[in-house]
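Welcome, and thanks for taking a look at this one with us. Below is a short briefing to read alongside the structure.

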Amino acid sequence: MTRFRTRLLFAIITLIFAVLIGLGLLLGQLFKSYYLNSFDTRLKKETSAISAYIEEHGGIKELDQTSVQKFSELLETRITVIDVEGKILLDSGYIESSSTKRHQQIIEQIYTKKINNQEEVIEVGGGHNLHYYWDEVSANGKNEGYVVLSIKLTEIQKVYRQIWWLLIFSLGIALVVIILLVTRITTRYTKPIEAATKVAIELTKGNYRARTYEDHVDETGMLSVSINVLARNLQEMMKAQEIQQDRLGTLIENMGSGLILIDSRGYINLVNRAYKEIFNVHSSDLLNKLYYEVMDQKVITDLVEEIFMTEKKIKRQMVIPISIQMRHFEVYGVPIIGTNDVWKGILLVFHDITELKRLEQMRKDFVANVSHELKTPVTSIKGFSETLLDGAMEDKTALKDFLTIILKESDRLQSLIQDLLDLSKIEQQGFALTVQRFNLVELLEEVIPILAGKAEQKQIELLVDSNLRELFVEGDIYRIKQIFINLVVNAILYTPNGGQVVISLEEQENKVITKVKDTGIGIEKEEIPRIFERFYRVDKARSRNSGGTGLGLAIVKHLVEAHKGHITVESTVGNGTTFIIELYKKFPKK
């Protein structure tokens with residue numbers, strides 16, 4: 001903008017300078033013409049006056065050199081009197097820059113050329129700057145000759161130079177004043193424009209905080225106000241857009257489902273974080289690349305092609321292999337069509353329903369297992385009851401055996417129903433523990449007599465290996481006892497005759513580590529993650545024959561987690577299994 005102001009000033013000053021020069025030349029010529037005309041008129045009158053004087057005093061014959069010299073000194077001119085034949089009769093004398101010979105030549109020239117043409121003035125150049133004026137002298141109506149006045153224009157030139165200097169000085173002062181005024185005026189009007197331009201440039205660069213001064217009430221002030229209003233509006237719009245963009249970006253990046261945006265040409269424009277985590281890819285692997293070149297899953301590319309072809313929404317469930325896993329997805333594809341039916345692209349959303357499928361399968365398995373577990377004792381009870389009704393009641397030995405079996409299956413059925421009720425209650429959201437402080441050593445010593453009978457039946461040694469007499473913890477004493485009863489029962493069940501089940505305690509700073517170790521058959525490594533599932537049995541025949549429900553370890557896991565604890569398993573096939581329970585001494589509030 002400084003260049004604009006300079007150019008504007010230069011143009012205005014050049015225009016003013018040209019106008020002033022033209023005005024000076026015009027005024028100079030006017031003054032020069034005025035003075036020359038006035039000078040010529042005066043000398044013509046003086047020439048006529050001398051001619052009239054000579055005529056009144058007897059003509060040229062009565063005129064002498066003294067009179068001519070007197071008139072010459074009075075009028076400061078050279079006076080020459082010639083007769084009708086052009087001969088010089090009287091001459092007042094020498095004029096600067098005009099020799100006598102040159103004077104005679106001019107007189108002859110006047111006589112031969114100018115007088116005959118009735119001209120009254122002749123200007124002689126060539127460095128002489130002389131003006132000649134003449135008039136006829138008559139006596140008694142007869143022409144006696146001519147009187148010629150000649151004068152050098154030195155004074156006129158001095159006056160002319162003075163006029164030029166005056167004009168130059170006046171116009172110079174006017175030029176300086178005008179330049180100052182123009183500079184001030186242009187600065188006043190161009191400075192707001194410059195400021196507004198700078199702000200507009202900053203706005204184009206994205207700096208919407210830029211503002212200009214509002215110190216005028218004229219058009220430039222209105223421009224500044226308008227620019228500032230525009231800047232504020234743009235800033236508010238950009239702020240709203242940034243907020244909207246942040247919200248949208250946060251929503252897209254933090255949504256649990258994978259999202260991918262493909263433009264109308266098939267190039268991938270957007271991939272959110274969930275998609276990259278699900279498919280274990282990076283943005284650089286996908287962005288600005290054709291979808292069919294970077295997507296390895298044919299089911300996905302087929303879906304995209306179908307949407308491109310049909311231009312309809314598609315919702316489809318598919319199984320996609322990722323690494324070594326088969327994961328289930330519900331894919332929702334929608335075409336993006338703008339105004340005037342302009343095709344924008346495709347949006348794909350991947351909902352990972354693997355966990356839902358797993359839970360659904362677990363539900364099916366649970367229903368099947370419960371049905372199977374309930375069917376077995378009910379079938380036994382029904383079968384033996386029908387046998388008794390068919391006549392076996394008469395056989396006392398068979399009656400007793402059958403009733404014993406019916407009682408045993410009834411107990412098993414009751415145990416299964418009770419475990420189901422307990423597990424359902426534990427898994428409820430409102431399940432609460434009755435937390436109190438108790439001695440864990442005493443609790444374990446109470447568990448041993450309860451299960452001693454089962455251990456003696458298989459000649460299994462059951463003991464608590466601890467030198468501690470007191471170890472206080474906070475928790476639900478009845479649920480903790482249920483945990484260890486289930487673990488010890490499970491250990492006795494899978495330990496061969498003559499084996500050993502040992503419960504050991506280890507005290508740490510804020511935790512208690514309890515281990516239930518047996519010398520049983522052990523668990524395969526790949527089966528360990530599944531042993532806490534409902535109805536899962538390592539040895540199904542052994543467990544079912546012993547009256548187990550298959551829910552004991554699932555109950556144990558839920559109860560340990562309800563106490564904010566942790567349970568792990570260490571096992572070697574043929575060498576036994578160790579369950580490790582970590583409980584806090586002080587029950588965590590959160």
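In which helix is the place of Q482? Q482 sits in helix 13, and this is a predicted model. The chain has 590 residues, of which 37% are buried, and its secondary structure comes to 15 helices and 17 strands. With that as a starting point, here is a tour by topic.

**Q482 and its surroundings**

- Q482 has a relative accessibility of 16%, so it counts as buried, the cut-off being under 20%.
- Leaving aside residues up to four places away in sequence, Q482 touches D422, I555 and L559.

**The chain as a whole**

- Among contacts with a separation of 6 or more, 59% are between residues 24 or more positions apart.
- About 35,700 Å² of the chain is exposed, and carbon and sulfur atoms supply 54% of that area.

**Nonpolar cores**

- The largest nonpolar core has 41 residues, and the members that touch the most others are L440, L443, I480, F484, L487 and F579.
- Several elements give two or more residues to this core: the helices are helix 12 (440-457), helix 13 (477-493) and helix 15 (552-562), and the strands are strand 14 (500-507), strand 15 (511-518), strand 16 (566-572) and strand 17 (576-584).
- Helix 12 provides the largest share of this core, with eight residues.
- Apart from this core lies another one, of 24 residues, which includes M295, I300, V304 and F329.
- To see the surroundings of one well-connected member of the largest core, pick F579: not counting residues up to four places away in sequence, F579 touches L487, N490, T514, K515, V516, I531, F532, L553, I567, T568 and V569.

**Salt bridges**

- Across the whole structure, a search finds 12 salt bridges; three of them are described here, starting with E446 and K481.
- E446 and K481 have their closest N and O atoms 3.0 Å apart.
- That pair links distant parts of the chain, with E446 in helix 12 and K481 in helix 13, 35 residues apart.
- Both partners are partly exposed: E446 has a relative accessible area of 40%, and K481 has one of 21%.
- K585 and E507 also meet through their side chains in a salt bridge, at 2.6 Å from N to O.
- Because K585 lies in the segment after strand 17 and E507 in strand 14, this pair ties together parts that are 78 residues apart in sequence.
- E507 is partly exposed, with a relative accessible area of 42%.
- A further salt bridge joins the side chains of K511 and E582, with 3.5 Å from N to O.
- Here K511 is in strand 15 and E582 in strand 17, so parts that are 71 residues apart in sequence are tied together.
- K511, at 22% relative accessibility, counts as partly exposed, and E582, at 26%, counts as partly exposed too.

**Aromatic pairs**

- The structure holds eight aromatic pairs.
- One of them is F279 with F329: the ring centres are 5.6 Å apart and the planes are at 15°, so the pair is stacked.
- The two rings come from distant parts of the chain, F279 from helix 6 (residues 273-279) and F329 from strand 9 (residues 325-337), 50 residues apart.
- Are these two residues, F279 and F329, buried or exposed? Both F279 and F329 are buried.
- F279 and F329 belong to a cluster in which ring pairs link them with Y275 and F350.
- F329 is also among the residues of the 24-residue core mentioned above.

**A nonpolar surface patch**

- Which residues make a nonpolar surface patch of about 580 Å²? F169, I173, V177, L181, I185 and Y189 do.
- I173, one of the patch residues, is found in helix 4 (residues 154-204).
- Why does I173 count as partly exposed? I173 does so because its relative accessibility is 41%, and partly exposed covers what falls between the buried cut-off of under 20% and the exposed cut-off of over 50%.

Key: Residues are numbered from 1 along each chain as its sequence is written. This is a predicted model: local features need pLDDT of at least 70, side-chain atom pairs count only at pLDDT 80 or more; totals for chains, interfaces and linings use all residues. Side-chain values use heavy atoms; hydrogens and water are left out. A nonpolar core is a set of buried Ala, Val, Leu, Ile, Met, Phe, Trp, Tyr and Cys residues joined through side-chain atoms within 4.5 Å. Buried means under 20% relative accessible area, exposed over 50%, partly exposed in between (1.4 Å probe, protein chains only). Helices (H or I, at least four residues) and strands (E, at least two) are DSSP runs, numbered from the N terminus. Contact means heavy atoms within 4.5 Å. A salt bridge is a side-chain nitrogen of Lys or Arg within 4 Å of a carboxyl oxygen of Asp or Glu. Patches are made of residues with over 30% relative accessible area and no salt bridge: like charges are joined within 9 Å, nonpolar side chains (Val, Leu, Ile, Met, Phe, Trp, Tyr) within 5 Å. Accessible areas come from the Shrake-Rupley method with a 1.4 Å probe; for residues, only the protein chains shown count as cover. Rings of Phe, Tyr and Trp (its six-membered ring) pair if their centres lie within 6.5 Å; planes under 30 degrees apart count as stacked, over 60 as edge-to-face and the rest as tilted.
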